[in-house]
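Q: Could you take a close look at the strands of chain A for me, and how they pair up? A few words on where the other chain touches would be welcome too.

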Amino acid sequence: MPIPVRPDHSVTTTCAYCGVGCGFKAETSEGRIVRMIPWKEGKANHGHSCVKGRFAFDYYQHPDRITSPMIRKSVDDPWQEVDWDTAFAYAAGEFKRIQAEHGVTSVGAVSSSRCTNEEIFLMQKFARVALRNNNIDNCSRICHSPTQFGLSATLGAGAASQHFDSVLQSDVVLVVGANPTEGHPVFGSMMKRAVRRGARLLVIDPRRTETVDSPHCQAEVHLALRPGTNVLVLNSVAHVIVRERLYNEEFVRARCDWDDFGLWMGMVGDDRYSPEVVGPEAGLDPDDIRRLARIYAAGPNSTIYYGLGVTEHSQGSTGVMCLGNLTMATGMIGREGVGVNPLRGQGNVQGGSCLGSWPHMLTGYRFVTDDVVRGSFEDEWKVTLDSEPGLRLPNMFDAAVTGSFKAIYIQGEDPVQSDPNRHHVEAALRAMDCVVVQDLYLSETAKLAHVFFPGSSSLEKDGTFTNAERRVSMVRKVVEPLGGLADWQITVGFMNAMGYECHYDHPGQVLDEIARTSPAYSGMSFDKIDRLGSVQWPCNTDAPEGTEVLHMATFPRGKGSFMLTGYLPTQERATDQYPLLLTTGRILSQYNVGTQTRRTANMVWHDDDLLEISADDAAARGLANGDRARISSRYGATELTVQISERVNPGVVYTTFHFAHTMVNNLTSDLDDWATNCPEYKVTAVDVERVSVPQPVAGS
Amino acid sequence: MSFIETERLVTMANQIGDFFEPYASERRIEGVRNHLRNYWDPRMRQALYDHIDATGGADLRPHVLEAVAILRATAADKKAYAGPPQA
């Protein structure tokens, strides 16, 4: 047995992987991180962790790290290493030249949820004061932007209503389009604890996930719906609640708009949403829809947790509204044990949404078109701000393809690998005059860049993250930034080079600026978060130590709003040529597109994306475990190794998207959510055919 | 060339129109107007106007066309909001 390394230093910080945001003690020896110990006082994780946060930290010192700024005139030229000042001057010179030639709004920026609140805030400030437009977006565009839209429309706040511990007071847990056992494992364990204590578990998901059926955790009802039918099925659940008078009239009359409730009842109560009509279309037993609706409405404390299986659809925002409507109709909102809660994918997606990194909204979800709101920022920043919405990231790419959008500053994102329709993204980036990428490695996107700023990992900087329960926790520097600057310093350097002078000694001063301009964060400071361990927003004069549960007495706008959520089938349909529906998800040991976890020993658990296919569909194609299969859609093709599985129904296939070489986003369409342009990743019609001899499949 | 391909803009506008379809006429139109005003870059709106001027609004849903007409007439008169159409 090797002798364990004895750490000489320990720093308490927050994990940057999923939206749980676990607290860790990062221990170092001679300046290198040697282990991550779950922090027992961490209010999100209470000393628990998963195999990503616990073991997947070595990525920060992987040989692939780029530690010097680089520039080049053309993507066909070799990179030239330069110092920071030269890189800032070059990038600023290019952006200013492009704006002079093509207009102020021909450039934009996108922020990353791998970065801190302070860094995200600075990115949107960069766009607004240095680029002088609202062309700023964040990575929740492709995951949870429908959450912000749908929950704001119904409940008035685009965020989870509960804190994680609330699930322990739930009698019924409804999980929709999420697999917390794999995607949010520390919360998943807490949810299983609630189930072991007697909570009834209901799941709506096309796949028999580990949440549906694993040791000590069995769903009482599982609706394995056909991909793309969320809104149809949720309307059918609402139909049962309305027609069987299971709604909470007292709650609705007291807390919600009664007239819109009446319209909503009329819509979902129509016969077209009866389980007997919906069941065959969604591939479900009508009795199961009725059982689920009755159990949820009976509570007495029923709660909803949902994920990208709800949002990443052409009706993603509508699906979120369905969930908001259900909580209000049944009175399952505004106290412990109930509510509706998005399970956010990345560590700081909630922060990315809160901190104004939107083309149409400033911090606190306030419209840029509002003169009063905009005026408060103009007073703070001493500039006149653009009063019109800017471009969303997909629309920046659309405009680049037509030659109308010429330069972009991308912080910590890899849209070539992560965004839909890879060919379209690559064409857009190739059409731009200047692409600036700030990242740890030469990502797929960086290969099409003209300027590379070496970014810093969350282990190399100070700041805060906001997790999926609105909890703001400290991120603390464990080791020095390998590239010399933290991400917030890079953005400030670029901003100054663009001609907007600003200076911060420490990111705590940025949080102070956030507090001055953002009502929900107005009571926050590094000192307070240090003292309390973490703080959930809203944190203000009414709630100086933060707020665990939202909507207790009233909704932010007063009355809750029922939205009409008519079902419209996606245009992406199975056909004779593409008879199967592909849907995607995550595995426990890897994270998102794998940029970090693939560069750690976690590869020992999962070293490839596999194609799950039912035995019937496999037999029809002559496929066996370990075969290589070609998967083709209307948009592209790739190859994956086959794993025959009972987790998917016939007609449905499934894969993860953690590996760049599998290029799963070659397959996905450019269909997107009607309200937010969030891509429809969860439904792609495909065909599958055998291409080679069997190979071993891990875990088969 | 259009700021963004016309087919893409028409599809997006009709998707918004489809969402508000279950509302009564006045609110249906107002929902589309509010969304286009507060979520769309003005160049995208202008490209949609150009398409309507050039073709009479080919392939656009009738209530989307009505919403655009009101939007062009009223510009930024009405304050932005989230939630059900206020009409």
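A: Before the barrel, one cut-off: two strands count as paired if DSSP finds at least two bridges between them. Bear in mind, too, that this is a predicted model.

On that basis, chain A has a closed barrel of 6 strands, and going round you meet β23-β27-β24-β26-β25-β28, with mixed pairing. From one strand to the next, the twist averages 45°. Let's zoom in on one pair from that barrel. Residues 628-633 of chain A make up β25 and residues 637-644 make up β26; the two run antiparallel, joined over 5 bridges. Within this pairing, R630(A) sits opposite E639(A) of β26(A).

Chain A also has an open sheet, with 3 antiparallel strands in the order β1-β2-β3. Here β1 (9-14) and β3 (32-38) of chain A are the edge strands; each has a single partner strand, so one side of each goes without a neighbour in the sheet. The twist in this sheet averages 30° from one strand to the next. Strand β2 (residues 23-29) of chain A pairs with β3(A) over 6 bridges, in the antiparallel sense. As an example, K25(A) has I37(A) in β3(A) as its bridge partner.

Now for the other chain. The contact draws 25 residues from chain B and 26 residues from chain A. On the side of chain B that touches chain A, α1 (6-20), α2 (25-39) and α3 (42-55) of chain B each put in at least two residues. The largest share, 5 residues, comes from α1(B). Sorted by class, that side of chain B has 15 nonpolar, 4 polar and 6 charged residues.

How values were computed: Residues are numbered from 1 along each chain as its sequence is written. Chains are lettered from A and ligands numbered from 1 in the order in which they are written. This is a predicted model: local features need pLDDT of at least 70, side-chain atom pairs count only at pLDDT 80 or more; totals for chains, interfaces and linings use all residues. Two residues are in contact if their C-beta atoms, placed from the backbone, lie within 7 Å. Helices (H or I, at least four residues) and strands (E, at least two) are DSSP runs, numbered from the N terminus. Ala, Val, Leu, Ile, Met, Phe, Trp, Tyr, Cys and Pro count as nonpolar, Asp, Glu, Lys and Arg as charged, and the others, Gly among them, as polar. Axes are lines fitted to C-alpha atoms, for helices over the stretch in contact, and angles run from 0 to 180 degrees between N-to-C directions.
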